[in-house]
Amino acid sequence: MSRTAVVKLGSSSVTGAAGPDPVLLASTLESVIGVRAAGWNVVLVSSGAVSSGRVQLSRVASDPVTSWRLAAAVGQPFLMSAYRTIGDLSGALICQVLVSESDLKSPEQMNLVADLVNECFEQGVVPIVNGNDVTDTGGSDNDAVAAGIAVACRASKLLLLTDVDGVYSGNPGESERIDELTLPSLGKVMIARQGTGRGGMRSKLRAAEVAAHNGVETHVASARDREVIRKCLAGDPVGTRISGFRRDARRANDRWISGVSTSQGRLIINLEAENSIRSGSSLFSSGVKRITGTFQAGDVVEITDPAGHLVARGIVRVSSTLLHLVRSMRADELARVLAEVLRQFYLVSSQRSENSASAADTPQASSRRPQLQRALDTLEGLSYLKKRELATQVMRLFPAALTRLIFEADDEKSRFEDLQKVFEKISSDLSLIERNKLVVF
């Protein structure tokens with residue numbers, strides 16, 4: 001029975017001063033072809049479009065400083081041309097698969113990618129995957145793409161090949177390589193060693209953490225070792241190994257949440273919230289301590305403890321903008337903010353805001369908790385478009401109750417007086433992530 005591995009090459013390894021490195025690409029592709037005899041199918045995730053494009057542009061462009069989008073658009077054909085030439089010499093047919101952030105946000109689209117990869121294996125085609133830097137808003141993180149492909153294709157191994165031969169506790173050459181990492185120790189390394197951002201060691205360790213929670217064993221190793229793929233798939237010690245926590249037996253949609261989709265943000269929760277979701281509850285705003293990243297309702301986010309350990313992943317129901325307002329709030333405070341979102345938007349859109357007292361001017365302001373007061377002050381200073389965005393979210397969260405309130409209230413005054421009463425009754429049911437859209441590790 002064939003087994004699947006995902007091998008990712010970093011851009012600094014793929015591209016040299018003159019463009020794609022033919023020696024490295026040849027040895028990698030030949031290794032991918034060679035392990036078929038041992039029963040392995042391999043997906044090759046190759047960075048290098050941006051760096052290859054910049055090399056090409058430097059030869060013809062008057063201004064060498066260009067956007068990564070243009071560099072990727074120029075470099076991707078050069079990169080694939082190099083792979084195709086090597087494939088022709090080795091007798092292997094290759095194909096290009098570009099994965100965009102919109103694909104990673106869609107379980108249907110990622111299922112199509114997985115189906116295509118399996119079809120490649122059946123036909124003897126080597127799939128070469130790259131993130132689509134031309135269309136992705138922040139550029140592609142191919143470490144995350146590789147982890148997502150590994151989970152989607154139910155791979156058993158993920159190789160993240162780079163310029164160093166593993167993970168170090170300090171600078172390579174000044175400290176010893178870490179041969180083995182467990183999930184508890186992984187978080188400590190992530191904190192101690194920040195890497196260089198996208199494509200750095202932190203990105204690789206985050207990808208390894210997601211993969212491990214989905215049963216995929218990860219190795220971080222040197223791309224310059226010509227035997228690295230063969231040795232790793234043969235079970236020999238290679239680089240730094242992060243073992244898979246358990247084999248993936250989840251449903252397709254849960255696999256997408258737990259590892260296929262790229263996370264758009266991170267929610268750091270308190271111990272009470274962690275215990276609650278581990279016992280089968282949903283996630284509520286009162287348990288969220290901090291938020292990182294920018295996300296919209298429907299995006300996948302990571303949930304971690306304060307130490308940075310991954311607790312869960314889930315599909316969030318609100319945007320980061322609204323969540324920043326309501327995090328760490330009790331139900332009554334949450335009701336106050338949600339009511340104020342609608343009140344302020346209605347007044348602004350009706351051009352009556354000058355006739356109404358602001359939230360900060362009401363008699364109860366002095367007795368509010370700082371978190372609530374900050375939220376109300378922030379809301380007061382938002383633009384009309386932001387208030388409309390927030391109001392739309394609130395109305396989508398509670399459509400039945402708000403529709404009834406709008407049409408049954410006798411007048412405008414009573415409508416706004418009743419808003420907070422309505423939210424006090426229903427806001428305790430506002431889960432940020434519903435249980436059926438939350439995968440706890």
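These exercises, each with a worked solution, explore a predicted model.

**Exercise 1. Salt bridge across the chain**

Find how far apart the closest N and O atoms of Asp143 and Lys8 are, and state what the pair ties together.

*Solution.*
- Start with the atoms. The closest N and O atoms of Asp143 and Lys8 are 3.0 Å apart.
- Apply the cut-off. A salt bridge needs the nitrogen within 4 Å of the carboxyl oxygen, so the pair forms a salt bridge.
- Place the partners. Asp143 lies in helix H7 (residues 142–152), and Lys8 lies in strand E1 (residues 3–9).
- Draw the conclusion. The pair therefore ties together parts that are 135 residues apart in sequence.
- Check the surroundings. Asp143 is buried, with a relative accessible area of 0%. Lys8 is buried too, at 3%.
- Widen the view. The whole structure holds 20 salt bridges.

**Exercise 2. Salt bridge within a helix**

Determine where Glu274 and Arg278 lie, and whether each is buried or partly exposed.

*Solution.*
- Both residues belong to helix H12 (residues 271–278).
- They are 4 residues apart, about one turn of the helix.
- Their side chains meet in a salt bridge, 3.2 Å from N to O.
- Glu274 has a relative accessible area of 14%. Buried means under 20%, so Glu274 is buried.
- Arg278 stands at 42% relative accessibility and counts as partly exposed.

**Exercise 3. Another pair, and a network**

Classify Glu333 and Arg330 by accessibility. Then name the residues that shared salt-bridge partners join into one network.

*Solution.*
- The side chains of Glu333 and Arg330 meet in a salt bridge, with 3.6 Å from N to O.
- Glu333 is buried, at a relative accessible area of 3%.
- Arg330 is partly exposed, at 43%.
- Now the network. Lys157, Glu180, Glu217 and Arg241 are joined into one by salt bridges that share partners.

**Exercise 4. Cysteines**

How many disulfides does a search of the whole structure find? Explain why Cys95 has no bond to Cys120.

*Solution.*
- The search finds 0 disulfides.
- Take Cys95. The closest cysteine sulfur to its own is in Cys120, 3.5 Å away.
- Compare with the cut-off. A disulfide needs the sulfur atoms within 2.5 Å, so the sulfur of Cys120 is too far for a bond.
- Look at one more cysteine. Cys232 counts as buried, at 1% relative accessibility.

**Exercise 5. The setting of Ala92**

Locate Ala92, and list its contacts beyond its neighbours within four places in sequence.

*Solution.*
- Ala92 sits in the loop between helix H4 (68–90) and strand E5 (93–99).
- Its relative accessibility is 9%, so Ala92 counts as buried.
- Leaving aside neighbours within four places in sequence, Ala92 is in contact with Ile33 and Gly87.
- Compare sequence with space. Ala92 and Val125 are 33 residues apart in sequence, and 7.0 Å apart from C-alpha to C-alpha.

**Exercise 6. Two helices that pack**

Decide how H3 and H4 are oriented to each other. Then describe the residues of their contact.

*Solution.*
- Helix H3 (residues 49–60) packs against H4 at an angle of about 95°, with the axes 6 Å apart.
- Use the cut-off. Angles of 65 to 115 degrees count as roughly perpendicular, so H3 and H4 are roughly perpendicular to each other.
- On the H3 side, the contact includes Ala49, Val50, Arg54 and Leu57.
- On the H4 side, Trp68, Leu70, Phe78 and Leu79 are among the residues involved.
- Sort the contact residues by type. They divide into 10 nonpolar, 5 polar and 1 charged.

Technical notes. Residues are numbered from 1 along each chain as its sequence is written. This is a predicted model: local features need pLDDT of at least 70, side-chain atom pairs count only at pLDDT 80 or more; totals for chains, interfaces and linings use all residues. Side-chain values use heavy atoms; hydrogens and water are left out. Helices (H or I, at least four residues) and strands (E, at least two) are DSSP runs, numbered from the N terminus. Buried means under 20% relative accessible area, exposed over 50%, partly exposed in between (1.4 Å probe, protein chains only). Contact means heavy atoms within 4.5 Å. Axes are lines fitted to C-alpha atoms, for helices over the stretch in contact, and angles run from 0 to 180 degrees between N-to-C directions. Angles under 35 degrees count as roughly parallel, over 145 as roughly antiparallel, 65 to 115 as roughly perpendicular and the rest as oblique. Ala, Val, Leu, Ile, Met, Phe, Trp, Tyr, Cys and Pro count as nonpolar, Asp, Glu, Lys and Arg as charged, and the others, Gly among them, as polar.
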